[in-house]
Amino acid sequence: QVQLVESGGGLVQAGGSLRLSCAASGSRFSINAMGWYRQAPGKQRELVATITSGGSTNYADSVKGRFTISRDNAKNTVYLQMNSLKPEDTTVYYCNADVVNYRGYNYNYWGQGTQVTVSS
C-alpha cells in the first residue's frame, strides 16, 4: 500500500505563485511516474503535468510555460511549481503515483486533493 500526502495549496492573487508537494510513503514499492491532476466541481479530472522517474515530463497546454513539475526520487516526492496563476486555475489538485510493487504489478494511487484558489 502507498499513501500520498499533498501540501502547498492555498489562496493567492492572480499572477502569484504556489508550489504543491506530494510525498509517497509505504513499503516494498517503486514509482514509475507521478503527476498532478485537477478537477473542478461537476467536471472531469484532467491532467496537469506528469513526470517519470527518469525525468520525462508532460504538460497540459493550458499550463505550459507557467507550471513546472519536478521530482526527488530519493524522497518519492513530486512538486508542482505554479507561476503566473490565473483565476481559471482555481480547483482541487490531486497527486497521482504509478506504483510497481515487489511482484512487478502496477497500481495507481491518488492523494486526497489540495485546494488552489486564485483571486482576480
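Is Arg66 buried or exposed, and what is its relative accessible area? Arg66 is buried, with a relative accessible area of 11%, where buried means under 20%, exposed over 50% and partly exposed in between, computed with a 1.4 Å probe on protein chains only. The model is predicted, so local features need pLDDT of at least 70 and side-chain atom pairs count only at pLDDT 80 or more, while totals for chains, interfaces and linings use all residues. Residues are numbered from 1 along each chain as its sequence is written, and side-chain values use heavy atoms, with hydrogens and water left out.

We can begin with the open sheet. Its 4 strands follow the order β1-β3-β8-β7 with antiparallel pairing; strands are DSSP runs of E with at least two residues, numbered from the N terminus, and two of them pair if DSSP finds at least two bridges between them. The edges are held by β1 (2-7) and β7 (67-72), each with a single partner strand, so one side of each is left without a neighbour in the sheet. On average, and with direction ignored, neighbouring strands of this sheet are turned by 15° against each other, the axes being lines fitted to C-alpha atoms and angles running from 0 to 180 degrees between N-to-C directions.

At one edge, β1 and β3 pair in the antiparallel sense over 6 bridges, with Val5 opposite Ala23 in β3. The covered face of β1 carries Val2, Leu4 and Glu6, whereas Gln3, Val5 and Ser7 make up the uncovered one. At the other edge, β7 is joined to the antiparallel strand β8 (residues 77-82) by 6 bridges, and Phe67 has Met82 in β8 as its bridge partner.

Next comes β9, a strand that is mostly covered, with 10 of its 11 residues buried. Antiparallel to β9 runs β4 (residues 29-39), joined to it by 10 bridges; here the partner of Trp36 is Cys95. A further 3 bridges join β9 to the antiparallel strand β11 (residues 114-119), and Thr91 is matched with Val116 in β11. With β10 (residues 106-110), β9 pairs in the antiparallel sense over 5 bridges, including that between Asp98 and Asn108. β9 and β10 form a hairpin with 4 residues between them, and Gly104 in the turn has a positive phi of about 90°.

A search of the whole structure finds 1 disulfide, defined as a pair of cysteine sulfur atoms within 2.5 Å. The sulfur atoms of Cys22 and Cys95 lie 2.0 Å apart in this disulfide. The link connects distant parts of the chain, from Cys22 in β3 (residues 18-26) to Cys95 in β9 (residues 91-101), 73 residues apart. The torsion about the S-S bond is about -85°, so the disulfide is left-handed. Both Cys22 and Cys95 are buried.

The same kind of search finds 4 salt bridges, each a side-chain nitrogen of Lys or Arg within 4 Å of a carboxyl oxygen of Asp or Glu. One of them brings Asp61, exposed at 65% relative accessible area, together with Lys64 at 3.2 Å, N to O. Another joins Glu46 and Arg38 at 2.9 Å, N to O; Glu46 is partly exposed at 38%, while Arg38 is buried at 8%. Arg66 returns here, meeting Asp89 at 2.8 Å, N to O. Arg66 lies in the loop between β6 (57-59) and β7, and Asp89 in the loop between β8 and β9, so the pair ties together parts that are 23 residues apart in sequence. Asp89 is buried, with a relative accessible area of 1%. Salt bridges that share partners join Arg38, Glu46, Arg66 and Asp89 into one network.
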